[in-house]
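Work through these short exercises on charged side chains. Each task is followed by a stepwise solution.

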Amino acid sequence: MPTNGQALGFYLSLIASMTFAFSTCCLQVRKNERHHSLGTGVGRMMTSQTMEGVLHLTDIDRVLCISDLHVDHADNMQWLANHTGLVAEGVELCNSDLVIVAGDISHDLERIEQCFSYLQRRGPSILFVPGNHEAWLKSSEIETGNSIQKLQTIYELCDRMGVITDPVFVGNTKERPHGLCIVPLESWYDGTLSVKNLEDLCHDFGRWPWVDFIRCRWPGFPSMESPNKKIPRGLAQFFFEKNIDSLNKVKAILAKSDSTFSPGLMTVSHFLPNQQCLPDWKNVSSSRFDRDSWLDHGGAETSAKFAKVSGTRLLDDQIRSFELPNSARHIHLFGHSHRPKDFEKDNIRYVHNPLGKPREREIRMVSPEVDFQPVWHTFHGELPGETIIRYWEEKGGGVEALRRRMKSSRRKNRYGKKHLKLHRSESNPKG
């Protein structure tokens with residue numbers, strides 16, 4: 001006979017499993033119900049149709065991208081306010097734009113809503129793919145909530161505000177002849193992008209304080225064993241299967257390609273789809289990581305561990321499952337690493353344009369002049385960008401300049417903290 005404690009544990013486990021199954025079902029239902037929901041928060045009247053069950057926006061001129069807005073940082077929220085106001089800094093958004101945000105706005109629903117409100121001020125359409133930060137739970141939610149429920153809540157917010165989270169087709173009209181199919185792809189990481197000759201740097205991976213391991217809850221997806229301990233087993237596959245319906249709808253559109261109809265393709269994920277997108281992978285035509293010459297910056301262990309939580313090969317399998325005419329362009333947008341990228345590999349252009357964190361811009365790991373990046377125009381087609389592999393090396397002066405900036409930043413932060421502490425003690429002698 002089981003003890004009372006064992007019986008209670010069994011029933012609690014059963015309830016958790018049933019709750020997760022219900023949440024998973026609801027998330028899939030919400031995904032299927034979101035057909036062309038433009039919501040009430042859209043900043044303009046959109047001219048839309050449908051094609052093969054996919055929303056067709058016929059009045060979009062530009063497609064722009066950004067990721068990793070992290071508006072939990074006050075400087076980032078201010079950046080967003082400055083770049084979306086009536087008198088905007090940098091690239092001026094307008095109501096014929098589509099802005100793609102490739103994940104990591106915030107874990108806080110109010111801040112996500114504020115971010116969407118800022119983005120919509122000048123009237124553009126918004127397409128959003130959640131990142132890992134959106135799956136974080138607050139401390140008050142950890143015991144009773146789970147990350148599937150959290151993502152469902154965010155999708156409901158997107159519905160209310162008219163933010164697109166399903167495939168969309170833009171252009172392909174007489175006035176805008178260069179059409180583009182855009183496919184948002186949900187995902188997670190599974191350790192398949194880890195680098196074999198860096199495993200010795202990951203011996204303590206199970207104790208690495210990666211915040212996802214603390215603030216996400218995925219009942220039904222138990223932790224993997226070493227060497228990928230704490231990564232949820234089967235979660236990347238779960239999202240892979242959820243993408244199939246969206247992929248098939250867009251493939252049905254592309255199957256109609258001919259000499260008069262040959263749209264481009266843009267796939268979007270938060271997570272990385274292959275190892276060549278990793279921050280320190282310098283030769284994108286190589287399948288081997290050159291440890292001796294590429295890990296020259298003093299952060300080798302972090303680079304090795306990040307590879308495990310960077311993404312999944314399953315994404316690249318889905319990205320490369322499309323059959324396109326030779327003339328058609330395929331661009332993949334991603335986020336997560338906070339290290340800008342823009343390169344071509346096997347006929348696909350990979351673009352990562354992160355806002356990142358304030359300190360990353362300060363030390364030039366990310367451009368201090370980062371802005372919304374135009375990547376497509378329905379009048380002209382693809383808008384090419386300058387090739388970027390390691391921004392801090394190519395544009396920021398290399399390792400020595402990076403070390404000087406990091407040292408200066410640490411000194412400035414220490415001074416700022418001392419100044420703040422002194423100010424507080426002077427204004428309140430009792431602390």
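Exposed means over 50% relative accessible area, buried means under 20%, and partly exposed lies in between. The model is predicted.

**Exercise 1.** Classify E386 and its salt-bridge partner K395 as buried, partly exposed or exposed.

Solution.
- Step 1: E386 has 51% relative accessibility, so E386 counts as exposed.
- Step 2: K395 has 38% relative accessibility, so K395 counts as partly exposed.
- Step 3: In their salt bridge, the closest N and O atoms are 2.5 Å apart.

**Exercise 2.** Find the salt-bridge partner of R62, and state which parts the pair ties together.

Solution.
- Step 1: The partner is D97, with the closest N and O atoms 2.8 Å apart.
- Step 2: R62 belongs to strand β3 (residues 62–66), while D97 belongs to strand β4 (residues 97–101), so the pair ties together parts that are 35 residues apart in sequence.
- Step 3: R62 and D97 are both buried.

**Exercise 3.** Describe the salt bridge between R390 and E393, then place the pair in its network.

Solution.
- Step 1: The side chains of R390 and E393 meet at 3.1 Å, N to O.
- Step 2: R390 has a relative accessible area of 1%, so R390 is buried.
- Step 3: E393 is at 25% relative accessibility, so E393 counts as partly exposed.
- Step 4: Salt bridges link R390 and E393 in a network with D280, K282 and D296.

**Exercise 4.** How many salt bridges does a search of the whole structure find?

Solution.
- Step 1: Recall that side chains of opposite charge can pair when their charged atoms come close.
- Step 2: The search finds 24 salt bridges.

Notes: Residues are numbered from 1 along each chain as its sequence is written. This is a predicted model: local features need pLDDT of at least 70, side-chain atom pairs count only at pLDDT 80 or more; totals for chains, interfaces and linings use all residues. Side-chain values use heavy atoms; hydrogens and water are left out. A salt bridge is a side-chain nitrogen of Lys or Arg within 4 Å of a carboxyl oxygen of Asp or Glu. Helices (H or I, at least four residues) and strands (E, at least two) are DSSP runs, numbered from the N terminus. Buried means under 20% relative accessible area, exposed over 50%, partly exposed in between (1.4 Å probe, protein chains only).
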